[in-house]
Amino acid sequence: MRILFIHQNFPGQFVHLAPALQARGHEVMGLTGDDNATPTTLPFARYKWTPREPQDPQFKLASTFAKVTYRGEITSTAAATLRDKHNYVPDVVFGTPGWGEMLFLRQVWPGARHLLYGEFFFGPQGPMIGFDRELSKGDLASRIAASANSAHLVLSANAADKVLVATQWQARSFPAYLQEKISVIHDGIDTDRVCPSAAATVKFPEQWKEFKTGDEVLTFVNRNHEPHRGFHIFMRALPKILEARPQAQVVIVGGDEQSYSPRPGANKTWRQVMLAEVGDRLDLSRVHFVGKIPYATFIDLLRVSRVHAYLTYPFVLSWSMMEAMSAGCVVIGSRTPPVEEVIRDGINGRLVDFFDVAAWSEALIDALAQPEKYAHLRPAARRTIVESYDLRKHCLPRLVEFVERA
């Protein structure tokens, strides 16, 4: 088959799937933005991307739709050029809906099978609306905004022949009429690479800090620090943790850019906001913001972690939590539906109410103080990932089949 992957950061989520399909003899290509600097050995074409913002502030509700349809138009124009000038007609078109790239491709290639990598459906009655009342009241304005922001997801899903999602809970976020299109297959965790080590070390030269297995290290990982991933709750739990555990070191991975949560204010980051709130009660010599780190360093950090904290809104489950489990971490996660699909309290991890700051402090203190009490969670966490989410044994074969059966 001739398979075209669409992703502004190709290969993106298709980093394992695309080469696997190529290895099986399929003709694989990517279509990506010209601002994508990600190296790949796979063939790809580019569309020219020039960011633009809607001009009239009165049309705030339409701003997301304006942005995604603009990218969709550019993508489809590049696709038409591939068709008309290079006689390129794929059998399968597979892409993500979030940026609008998939909106109009059926108009270019009506005879292809169109597959959608659908992460999450933001609906007006969705589980995130009003979840964190500190930051979102779930009022009429919030529901209207969520409805407006889901318009391109509806159009992309309607145009798709099949929709792929990673977890059962994410699948349930989509409307009932789309359920028959949905297949649930996780991207997979490379458990051979992400595995425990009894003699691991990790060094952060900028902080002149080195940690090894056995050290009292508490880890927290996000792409960017933000409320969607519980950064504000974790930071509020830290003062009591550091007071109770004078040898504990806290390593916080992630950047200060915007991923899912709104910015806290003009020229401010969530790290600045939370340090202004709790910084005077923290021993900052033991709290290490290491930024975005290389993947190999990230794996070594998980290997030395005594306890790993993970929080999320009712939203897409982070791969980092599952990688932490694969590395044999003691993971204490938020009692929210995406986490509960993988972690069973007291069996392969611990669960704490998302908003209960005192409970977070107590749970993390206890796990740091009594590693032997929680030792049984480590092999159980890894076993969960190996038996159900292993990349090569389980997930990748099913993903290949999903595309080939299209």
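Select Asp256 first: in this predicted model, its relative accessibility is 25%, and Asp256 therefore counts as partly exposed. Add Arg271, which is also partly exposed, with a relative accessible area of 24%. Display both side chains, and a salt bridge appears between Asp256 and Arg271, with an N to O distance of 2.6 Å. This pair connects distant parts of the chain: Asp256 lies in the loop between strand 11 (249-255) and helix 8 (270-278), while Arg271 belongs to helix 8, 15 residues apart.

Next, select Glu257, which is exposed at a relative accessible area of 51%. The partner to add is Lys292; the closest N and O atoms of this salt bridge are 3.4 Å apart. Here too, distant parts of the chain are linked, 35 residues apart: Glu257 sits in the loop between strand 11 and helix 8, and Lys292 in the loop between strand 12 (287-291) and helix 9 (295-304).

Proceed to Asp84 and Arg83, whose side chains form a salt bridge with an N to O distance of 2.7 Å. Asp84 is exposed, its relative accessible area being 55%, whereas Arg83 is partly exposed, at 29%.

Then select Arg106, Arg113 and Asp161 together; these residues are joined in a network of salt bridges.

Finally, return to the whole structure. How many salt bridges does a search of it find? The search gives 19, and the tour has visited some of them, including the pair Asp256 and Arg271. As a general matter, side chains of opposite charge can pair when their charged atoms come close.

How values were computed
Residues are numbered from 1 along each chain as its sequence is written. This is a predicted model: local features need pLDDT of at least 70, side-chain atom pairs count only at pLDDT 80 or more; totals for chains, interfaces and linings use all residues. Side-chain values use heavy atoms; hydrogens and water are left out. A salt bridge is a side-chain nitrogen of Lys or Arg within 4 Å of a carboxyl oxygen of Asp or Glu. Buried means under 20% relative accessible area, exposed over 50%, partly exposed in between (1.4 Å probe, protein chains only). Helices (H or I, at least four residues) and strands (E, at least two) are DSSP runs, numbered from the N terminus.
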